[in-house]
Amino acid sequence: QLNVVGTVSLGGSTLDVILGFNPTVGNTFKIINNDLVDAVTGTFDGLPEGQIFSITTGSFSSNFQITYVGGDGNDVVLTSVVAVVNRKVYYKGSTFASGGVDSALDPNKVLAQSGAAPQTLSYSNLINTTRGINGIVLDVAGLASATLTASDFSFRVSPTGFFDEAANPPSSWAAAPAPTSIFVTPATATTPARVQLEWADNAIENRWLQIRVVANANTGLLSSPVYYLGHLRGEINGQTVGGAYFVSNADLTAALPVGQVALVGNTRDVDKNGFVLNADFIIIRLGIINGLLLRNITIPAAGSADEGAAMRPERSLLGSIATPMIESKLVLSLWQPMRAAVNLDDPAPAWVLPTETIESKIVCFAHIEPAKLLITAPPRDAHSRRAGTIPKDLDKSRVGDKADKIFAEMEALGDVGCWGFFNERLTTDKVSDRNGHGND
């Protein structure tokens, strides 16, 4: 620790950290103890306020977050934090995967991470395989939990083709399919925990994928890093024309010669069987016939409105239940679109009736358990009864008979919980109570 009497001016100086042990997440180190109340002037080179960086010394490693307003408000403090230290493409189901996960990681491709400024992506952020994006590996130092689920992530997918980038920022992209499996390999004394995300083959293809790792108690992250990876089947030469990747005759030429052994990072081996064969040419030819193309994108700055907030992935019904989801729409159609977010983990979620209509398209998730569903309705006017929580037996003088019919239909379905994803303007249904007062 450096104790300073007077002022501290860093002026872009370099910070070198040497480790003699592996710090525990949450350990803090005051490296400059600044007396009195003088603020620290400047920052270390490449380390702005709040920056997270990695340090490795021999077998010891840690991720630190730096602050220049730590301690009593004007000290330089390092805190050991959880961080994603590696993000790679994993070719699930490929010939290389038979040798284990490490053998099927592409050394030439990387997930782009959003940062302080917008970034235009490159061919190093695009894959071209026959199975689409079906595997991602994230190495997380200090991961808090040995078990992660889809709720610890957020996934979005871009439109396909030559879409209008300005009109379709990542914040507007649709929810991506949820991973079919999420594996966590615990950390060892020398390696970080590994998170392996897998999707069904071709569930995500010919488009861009946005992945957000949610900062929560399970991950232990202080902030939510956002990554991007693209896919265009058969794109080999990596050249853009007019701002887009095209599968063209140039890709056929780039695939020559045939009959060679291919390593995992060889883009000419499109089906990832370890060889460049005629089958790879056929895949490229089909891409040309089908006119496959994908706009290259410039990802927005981290935390910007265009990047968007966390979004839950599409979900099928809980467990293996294959019940239609009409019960969700029956209830939602009775009320105006909700302004308030729904807590999906609430064992007794409540729908909130807003006081004004939301005109724009909405996206909402519905978690409905007929035995526990509650409706909260605020008063509409001076003649309405005060707001209250109305259980499924309902106060008929407040919401009318139609809701009774809906609850009866829901009861007939049994006590089945489900997830529903809607991306549409929900219509309203006029309901009158027995005093003639109307509720939408």
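A search of the whole structure, which is a predicted model, finds eight aromatic pairs. Two of them are worth a closer look, and the table sets them side by side. Each is described by two quantities, since a pair of aromatic rings is described by the distance of the centres and the angle of the planes.

| Aromatic pair | Geometry | Centre to centre | Angle between planes |
|---|---|---|---|
| Phe53 and Phe64 | tilted | 6.1 Å | 40° |
| Trp173 and Tyr228 | edge-to-face | 6.2 Å | 90° |

Let us take the phenylalanines to begin with. Phe53 belongs to strand 5 (residues 52-57) and Phe64 to strand 6 (residues 60-70), so their pairing ties together parts that are 11 residues apart in sequence. Phe53 has a relative accessible area of 12%, and because buried means under 20%, Phe53 is buried. Phe64 is buried too, at 2% relative accessibility. These two rings also have company: Phe21, Phe29, Phe53 and Phe64 make up one aromatic cluster.

Now for the pair of Trp173 and Tyr228, which are edge-to-face at 90° between the planes. This pair links distant parts of the chain, 55 residues apart. Trp173 sits in the loop between strand 13 (153-157) and strand 14 (174-175), while Tyr228 is in strand 18 (residues 226-231). Both Trp173 and Tyr228 are buried.

Aromatic rings meet charged side chains here as well. The charged end of Lys109 is placed over the ring of Tyr123, at 3.5 Å from its centre. Arg295, for its part, lies over the face of Phe162, and the distance to the ring centre is 4.2 Å.

The strands that carry Phe53 and Phe64 deserve a visit of their own. Strands of a sheet pair through backbone hydrogen bonds, either parallel or antiparallel. Strand 5 and strand 6 pair in the antiparallel sense, with six bridges. Thr57 has Phe60 of strand 6 as its bridge partner. Two residues lie between the strands in this hairpin, where Gly58 takes a positive phi near 60°.

Strand 6 also pairs with strand 7 (residues 75-80), again in the antiparallel sense, over five bridges. Here the bridge partner of Gln65 is Thr79 in strand 7. The hairpin of strand 6 and strand 7 has four residues between the strands, and Gly71 takes a positive phi near 60° in it.

Further along the chain there is an open sheet of three strands, in the order 19-20-23, with antiparallel pairing. Its edge strands are strand 19 (240-241) and strand 23 (293-295), each pairing on one side only. Strand 19 is joined to strand 20 (residues 244-246) by two bridges, and these strands run antiparallel. Across that pairing, Thr240 stands opposite Tyr245 in strand 20.

Finally, a charged residue for your attention: Glu198, located in strand 16 (residues 193-198). Is Glu198 buried or exposed? Glu198 is buried, yet has no salt bridge. The nearest side chain of opposite charge is Lys92, at 4.8 Å; a salt bridge would need a side-chain nitrogen within 4 Å of a carboxyl oxygen. Which residues does Glu198 touch, leaving aside those up to four places away in sequence? They are Tyr90, Lys92, Asn134, Pro179, Thr180, Ser181 and Phe183. Lys92 thus appears both as a contact of Glu198 and as the nearest side chain of opposite charge.

Notes
Residues numbered from 1 in each chain as written. Predicted model: local features only at pLDDT ≥ 70, side-chain atom pairs only at ≥ 80, totals over all residues. Heavy atoms only, no water. Buried < 20%, exposed > 50% of the residue type's maximum accessible area, 1.4 Å probe, protein only. Lys, Arg positive; Asp, Glu negative; His and termini not counted. Contact = heavy atoms within 4.5 Å. Phe/Tyr/Trp six-rings, centres within 6.5 Å; stacked < 30°, edge-to-face > 60°. Lys NZ or Arg CZ within 6 Å of the ring centre and 35° of its normal. Pairing = 2+ DSSP bridges.
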